[in-house]
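Please open the structure in your viewer and keep the selection panel at hand. The stops below may be followed in order.

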2 protein chains.
Amino acid sequence: MSSFEKGFAIYERIKISIREKIDSGILKPGDRILSEVELANLFNASRMTANRALKELTAEGRIIRIQGVGSFVAKSKPEVALLEIKSIAEEIAKWGGVHSSDMILFKEESVSKNIAGKMDINAGDRVFHSIFVHKDEDIPVQYSERFINPRVAPKYLEQDFTKMTPSEYLLEIAAIQESEHTIEAIIPKKAIQKLLQIKHGEPCISLKRRTWSFDLVATYSILIYPGSKYKLSGKIRRGKI
Amino acid sequence: MSSFEKGFAIYERIKISIREKIDSGILKPGDRILSEVELANLFNASRMTANRALKELTAEGRIIRIQGVGSFVAKSKPEVALLEIKSIAEEIAKWGGVHSSDMILFKEESVSKNIAGKMDINAGDRVFHSIFVHKDEDIPVQYSERFINPRVAPKYLEQDFTKMTPSEYLLEIAAIQESEHTIEAIIPKKAIQKLLQIKHGEPCISLKRRTWSFDLVATYSILIYPGSKYKLSGKIRRGKI
DNA sequence: ACAATCAAATTGTATATACAAGTAAACACA
DNA sequence: TGTGTTTACTTGTATATACAATTTGATTGT
């Protein structure tokens, strides 16, 4: 054990040594890894300690194990490309901009048939409806329209959203267990074009989101980004963000 | 143990019972979980078996454990909303549609300055360049243009992509360790409009992707989807506190 | 009242042991 | 040659035990 590895538990040291061999390319996908017994001898540990190390590497997706055969380096499978959707304030803060937002609408109303269908409630039921336009350096970068189920967030209208974003508030008070996102390219309606200060015919990204809390649709949101001013991007490393 | 739980290992049964309590809301975020010793007694198991169950639930982000204090239901903060970008073939297969693709371009060439910059290579270096148009029921659903670094996939041009998609091939032979995605809304150029059989002015989603293999840019791809015909959707991933 | 100490509870790590279950190769036998 | 059988190896699960580290609350002493 090098002094560098001091302070790490034995099973951690085993994990690190294997991870390093994989990351550096010494071990390639499909290559065999030392067996539990061999690792135990190599590290002067018991088999159970080596077992723990390999078990955790399996859970992390770095290796695969086949009973009766052995352990092997996993084939890196970023077959799921993931794109992280951050809050607009987060995005702007990241590159140092100044965030502000205009409240366009903020009230309780009867829900239309169209939205009711999306939220799995009855047309005419009461919902909270809010529209904000978010700006960076006074340039509109996002139109956000939300419908909130009062059964999930009964005090939505009483909140002060100058300090906390609606998303943050909803995450705070409701146990959001599921969400669904849909992205499409659109040419927004005139009213939204005006709010976003864009020319007619300029394409925008439309991001629609539904969230659920205990089988109840908690929110239905429509976020619109001007295509010329905003990009969604994400970088991942081996499955993790 | 109910008969339903037959076939599961003891530690699995413990995990399932706790997960069910969390998912059903019986246990709420922050609630205390039975200690290892209590669980061991409850399930007639040893402490180590209960330990394994709780350890794995911790790794899965469902609970948190504090030495000397106890185990508690984790506060699920799905602040990371992730879009899952699937291959076009995958999406269409799910729908049961008939997928076909036209090869528009497939050759080796000298790279332009612009693309060279994206790929971190020198202008004039050789790269493989391919353009496909994917169709579902003869309707174009995706334009895909790829630049491939020959150092990563030297035999790219020799492949038969009627059976396997370029993405799948690249995943097979190259260890892709990192990837970056950028989504924006665009109005495509005339040539692409024609290939996708869309009207002038129709907005599209542009998805640009770069992948890395051992610090080398392996591929640079530009995927364009007609906004009206294609949607990207994703679901949430449970994040740790 | 305050501070130091102690005890109990809890999680974290490590070990030795045991047996089950699966695989693959060597082996024995017809 | 072909076919079961055995054997060796590997991973999977479970247990009992031990001690370390941390936190919390109770106890004790001043």
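Which atoms of DNA strand C lie within 4 Å of the protein: those of sugar or phosphate, or those of bases? Sugar or phosphate accounts for 65% of these atoms, and bases for the rest.

This is a predicted model, in which local features need pLDDT of at least 70 and side-chain atom pairs count only at pLDDT 80 or more, while totals for chains, interfaces and linings use all residues. Residues are numbered from 1 along each chain as its sequence is written, chains are lettered from A and ligands numbered from 1 in the order in which they are written, and side-chain values use heavy atoms, with hydrogens and water left out.

**First stop: the surroundings of the strand.** Select the 26 residues around DNA strand C; a residue is near the strand if one of its heavy atoms lies within 4 Å of it. A:I10, A:T49, A:R52, B:R47 and B:R65 come nearest.

**Second stop: polar side chains.** Display A:T49, where a polar side-chain atom lies 2.7 Å from a phosphate oxygen of DNA strand C. Then display B:R47, which has a side-chain N or O atom 2.7 Å from a base nitrogen of the strand. For A:R47, a polar side-chain atom lies 3.5 Å from a base nitrogen of DNA strand C.

**Third stop: chain A.** Colour chain A by secondary structure to find seven helices and 11 strands; these are DSSP runs, with helices (H or I) of at least four residues and strands (E) of at least two, numbered from the N terminus. Of its 241 residues, 46% count as buried, meaning under 20% relative accessible area with a 1.4 Å probe, protein chains only.

Technical notes
A polar contact is a pair of N or O atoms within 3.5 Å; within protein, one must be able to donate a hydrogen and the other to accept it, and residues adjacent in sequence count only if both atoms are side-chain atoms. Buried means under 20% relative accessible area, exposed over 50%, partly exposed in between (1.4 Å probe, protein chains only).
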